[in-house]
Amino acid sequence: PKLIVVNRAGEETAVDVADGLTVMEAIRDNGFDELLALCGGCCSCATCHVHVDPAFKDKLPPMSEDEDDLLESSDHRDENSRLGCQVPFTPDLDGLKVTIAQED
Ligand code: FES
């Protein structure tokens with residue numbers, strides 16, 4: 001399945017994602033170093049903040065309270081904000097577009 005990543009400059013790149021990765025890992029492992037993912041996916045840093053295509057909203061797992069709290073600390077949160085490490089990239093998300101959030 002493919003994930004479409006939009007970097008902070010607005011450039012789109014489609015990447016192939018192996019099974020079992022989260023959106024954060026898929027972005028990081030494809031060399032997008034603007035996605036820091038400092039905590040390595042423990043839901044404690046919020047540097048994996050992305051905006052997801054609203055068309056896929058219903059297919060995403062619900063947000064935990066921890067994720068919600070962390071996103072609240074960002075100045076760039078909007079209704080499509082998620083932490084990439086909290087979203088497993090499952091095959092039904094093929095074609096999902098995510099935009100790396102601006103730096104806080
Ligand atoms: Fe730290 Fe997602 S990588 S919260």
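Which residues does P1 touch, not counting residues up to four places away in sequence? Select P1 in this predicted model, in the segment before β1, and then add V17, F89, P91, L93 and D94, which are the residues that P1 touches once those up to four places away in sequence are left out. P1 is partly exposed, because 16 other C-beta atoms lie within 10 Å, and a residue counts as partly exposed when that number falls between the 12 or fewer of an exposed residue and the 20 or more of a buried one. If you now pick A14 as well, you will find it 13 residues from P1 in sequence and 9.9 Å from it in space, C-alpha to C-alpha.

Next, show the strands. There are 5 of them in an open sheet, in the order β2-β1-β5-β3-β4, and the pairing is mixed. Look at β2 (residues 12-16) and β4 (residues 81-83), which stand at the edges with a single partner strand each, so that one side of each is left without a neighbour in the sheet. As you turn the view, follow the twist, which averages 35° from one strand to the next.

Now walk through the pairings, beginning with β1 (residues 2-6), which pairs with β2 in the antiparallel sense over 5 bridges; select L3 and you will find its bridge partner in β2, which is V15. β1 also pairs with β5, here in the parallel sense and over 4 bridges, and in β5 the bridge partner of I4 is K97. From β5, move on to β3 (residues 49-52), which runs antiparallel to β5 and is joined to it by 3 bridges, with V98 of β5 as the bridge partner of V52.

Stay on β5 (residues 96-100) and colour its two faces separately: L96, V98 and I100 make up the covered face, whereas K97 and T99 make up the uncovered one.

The last stop is the largest nonpolar core, which has 23 residues, and you can begin by selecting L3, V23, M24, C48, V50, F89 and V98, the members that touch the most other members. Two or more residues of this core come from each of β1, α1 (residues 23-28), β3 and β5, and the largest share, 4 residues, comes from α1. In soluble globular proteins, nonpolar side chains tend to be buried together. To finish, centre the view on M24 and show L35, A37, G41, C48, G84 and C85, with which M24 is in contact when its neighbours within four places in sequence are left aside.

How values were computed:
Residues are numbered from 1 along each chain as its sequence is written. This is a predicted model: local features need pLDDT of at least 70, side-chain atom pairs count only at pLDDT 80 or more; totals for chains, interfaces and linings use all residues. Two strands pair if DSSP finds at least two bridges between them. Axes are lines fitted to C-alpha atoms, for helices over the stretch in contact, and angles run from 0 to 180 degrees between N-to-C directions. A nonpolar core is a set of buried Ala, Val, Leu, Ile, Met, Phe, Trp, Tyr and Cys residues joined through C-beta atoms within 7 Å. Two residues are in contact if their C-beta atoms, placed from the backbone, lie within 7 Å.
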